[in-house]
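This report looks at two helices and a pocket in a single protein chain. Please keep the sequence and the model at hand while reading.

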Amino acid sequence: MYMNGESNAMNTLISRYKDKIFTSIYLLVKDRYLAEDIFQDVFIRIIDTLRSGRYTDEGKFLPWAMRIAHNLCVDHFRKIKRNPTIKTSDDRDIFEVLNFSEAGVDSRIMNEQTSDKVRRMIDLLPEDQREVIILRHYADLSFKEIADLTNCSINTALGRMRYGLLNLRKMMTEKQIAL
């Protein structure tokens with residue numbers, strides 16, 4: 001519809017897929033502002049591709065958009081290899097440690113703490129396991145879509161998910177973490 005001149009169709013696409021795409025980007029880059037920038041870049045590329053008529057609707061929109069997001073995240077990590085961030089003693093970005101917002105409602109704080117615990121445990125996983133878990137649980141992609149996105153077989157993606165979940169359970173047991 002967007003390619004046929006209906007500009008409101010882009011708003012529909014953005015509202016339909018923004019949570020999945022943004023969450024996946026955020027969990028990969030671990031920086032809300034950077035994730036917002038990359039998210040905007042994703043939709044700029046999508047719009048450019050649609051306007052130029054290069055998009056083919058052979059596949060689903062979400063996996064195609066996720067591929068763009070994934071590639072932009074990879075590009076970001078290639079760039080920052082040359083420019084390291086300032087880290088605290090426990091290897092966290094200094095800007096993640098600083099809290100500029102006021103405390104919210106108790107339930108919101110508890111949810112954020114639970115999400116933070118899960119994110120920290122996911123961060124401890126090997127990169128291939130972490131990536132599959134993020135793409136499956138936060139982007140809601142199928143294992144076939146994950147396999148295509150990460151250039152591996154479906155069985156490899158399934159194996160990475162299995163070992164990632166086993167490692168998360170092991171961490172929870174060892175550190176006696178209750179969610």
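The text below takes up helix dimensions, buried residues and one pocket in turn.

The model is predicted, and the spans of two of its helices can be set beside the values expected from their residue counts.

| Helix | Residues | Number of residues | Distance between end C-alpha atoms | Expected span |
|---|---|---|---|---|
| α1 | 8-29 | 22 residues | 30 Å | 32 Å |
| α3 | 61-80 | 20 residues | 29 Å | 28 Å |

For helix α1, the end C-alpha atoms lie 30 Å apart, which agrees with the 32 Å that its 22 residues should span at 1.5 Å a residue. Helix α1 nevertheless bends by about 55 degrees at Tyr 17, and Tyr 17 is also one of the buried residues of this helix. The buried set of α1 further includes Ala 9, Met 10 and Leu 13, as well as Ile 25, Tyr 26, Leu 27, Leu 28 and Val 29. After α1 comes Lys 30, which has a positive phi near 60 degrees.

In helix α3, the buried residues include Phe 61, Leu 62, Ala 65, Met 66, Ile 68 and Ala 69, together with His 70 and His 76. The buried residues of α3 pack against α1, α2 (32-52), α6 (127-138) and α7 (143-150).

Helix α1 also takes part in a pocket, the second largest, whose volume is about 290 Å³. Of the 12 residues lining this pocket, Met 1, Tyr 2, Met 3, Ala 9 and Leu 13 are the closest to its centre. Helix α1 supplies the largest share of the lining, four residues, and the lining as a whole divides into eight nonpolar, two polar and two charged residues.

Note on methods:
Residues numbered from 1 in each chain as written. Predicted model: local features only at pLDDT ≥ 70, side-chain atom pairs only at ≥ 80, totals over all residues. Heavy atoms only, no water. Helix = DSSP H or I, 4+ residues; strand = E, 2+ residues; numbered from the N terminus. Expected span 1.5 Å × (residues − 1). Bend = angle between axes of the 7 residues up to and from the residue. Buried < 20%, exposed > 50% of the residue type's maximum accessible area, 1.4 Å probe, protein only. 1 Å grid on protein atoms, 1.4 Å probe; cavity = no way out; pocket = protein on both sides within 12 Å on 5 of 7 lines; lining within 4 Å. Points joined across faces, edges and corners; volume = space filled by probe spheres on them. Nonpolar A, V, L, I, M, F, W, Y, C, P; charged D, E, K, R; others polar. Contact = heavy atoms within 4.5 Å.
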